[in-house]
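Dear colleague,

Please find below the structure that I am handing over to you. My notes on what was found in it follow directly after.

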Amino acid sequence: MRAPSTADAVRSMFTRIAARYDLMNALMTGGRHHAWRRRVARAAAAAPDGPVLDLATGTADLALALCALDPRRLVVGADFSEGMLREGRAKLAARGEGRVPLLAADALALPFRDGAFACVMSAFLLRNLEDLERGFREMRRVTRPGGLVIALDIVRPATPVWDALFGVYFNRVVPALGALVARDRQAYTYLPQSVDRFVTPAELARLMEKVGLREVRYRRLGLGTIALHVGVV
């Protein structure tokens with residue numbers, strides 16, 4: 001029997017926590033995750049006319065944020081966790097939002113033609129990719145010239161004292177909260193570990209440039225714990 005890959009393990013983990021994912025996000029961030037997603041949506045709304053791909057859509061919060069801001073824009077959500085997609089579809093149905101198709105897709109092998117989208121946006125995807133450069137190459141491939149690639153993710157703070165405090169919160173409080181609320185300490189132990197081994201915002205910007213994205217810029221949010229990157233194809 002084939003041993004499960006890292007991607008298989010991550011997919012299984014997100015399916016396990018899908019039902020409590022939104023609640024955990026709200027608790028961990030004090031509800032600020034919605035404001036960060038709105039920042040991504042505002043950046044995506046500035047893309048040229050055309051459809052937008054919300055990659056690793058999860059429970060579709062980012063897709064909904066863009067629909068609220070830009071109602072005429074077609075937004076397609078994709079995720080490799082069927083559990084997350086089920087939660088997303090239920091949320092869209094409950095809100096009467098029928099304009100956002102959700103489909104299963106692997107971020108490292110997207111099932112879309114070259115230049116299919118005016119923008120590819122993602123929130124909290126990058127740390128989970130087995131091959132970050134390949135992921136960006138796929139995002140660039142399916143984005144048309146002049147379009148945008150936008151990514152939001154968790155990073156370590158740049159200030160040593162705040163970084164130490166953030167580390168205590170993320171490595172001790174978050175796993176305990178995950179065990180209590182999501183009944184999955186393992187998943188919320190993986191989360192801080194994925195942040196610890198993730199690249200810095202500056203390194204991420206250089207990687208985006210390496211794959212051919214232009215005018216790459218980034219901004220830290222959430223007291224330096226969140227980075228929003230934008231690049232032009």
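To begin with a single residue, R99 counts as partly exposed, at 38% relative accessibility. Please note that this is a predicted model.

R99 meets E97 in a salt bridge between their side chains, at 2.8 Å from N to O. Unlike R99, which is partly exposed, E97 is buried, its relative accessible area being 16%; the cut-off for buried is under 20%.

The search of the whole structure finds 15 salt bridges. One of these contacts is between K91 and D61, whose side chains meet at 2.7 Å, N to O. Since K91 belongs to helix α5 (residues 82-94) and D61 to helix α4 (residues 61-69), the pair ties together parts that are 30 residues apart in sequence. K91 and D61 are both buried. They also belong to a network of salt bridges that links D22, D61 and K91.

A further salt bridge joins D70 and R73, with 3.0 Å between the closest N and O atoms. D70 is buried at a relative accessible area of 17%, and R73 is likewise buried, at 8%. As general background, side chains of opposite charge can pair when their charged atoms come close.

I turn next to the strands. Strand β2 (residues 75-79) is largely enclosed by the rest of the structure, because 5 of its 5 residues are buried. From β2, V75, G77 and D79 point one way, while V76 and A78 point the other way. In a regular strand, side chains alternate between the two faces of the sheet.

Which strands pair with β2? Strand β1 (residues 52-55) pairs with β2 in the parallel sense over 4 bridges, and D54 stands opposite G77 of β2. Between these two strands the chain passes through α4, in a β-α-β crossover that is right-handed. Strand β3 (residues 102-104) is also parallel to β2 and is joined to it by 3 bridges; here A78 stands opposite L103 of β3. The chain crosses from β2 to β3 through α5, and this β-α-β crossover is right-handed.

Finally, helix α5 packs against helix α1 (residues 6-17) at an angle of about 35°, and their axes are 7 Å apart. On the α1 side, the contact involves F14, T15 and I17, which meet E82, G83, M84 and R86 in α5. By class, this contact has 3 nonpolar, 2 polar and 2 charged residues.

Yours faithfully

Notes. Residues are numbered from 1 along each chain as its sequence is written. This is a predicted model: local features need pLDDT of at least 70, side-chain atom pairs count only at pLDDT 80 or more; totals for chains, interfaces and linings use all residues. Side-chain values use heavy atoms; hydrogens and water are left out. A salt bridge is a side-chain nitrogen of Lys or Arg within 4 Å of a carboxyl oxygen of Asp or Glu. Buried means under 20% relative accessible area, exposed over 50%, partly exposed in between (1.4 Å probe, protein chains only). Axes are lines fitted to C-alpha atoms, for helices over the stretch in contact, and angles run from 0 to 180 degrees between N-to-C directions. Contact means heavy atoms within 4.5 Å. Ala, Val, Leu, Ile, Met, Phe, Trp, Tyr, Cys and Pro count as nonpolar, Asp, Glu, Lys and Arg as charged, and the others, Gly among them, as polar. Two strands pair if DSSP finds at least two bridges between them. A crossover is right-handed if, with the strands pointing away from the viewer, the path from the first strand over the helix to the second runs clockwise.
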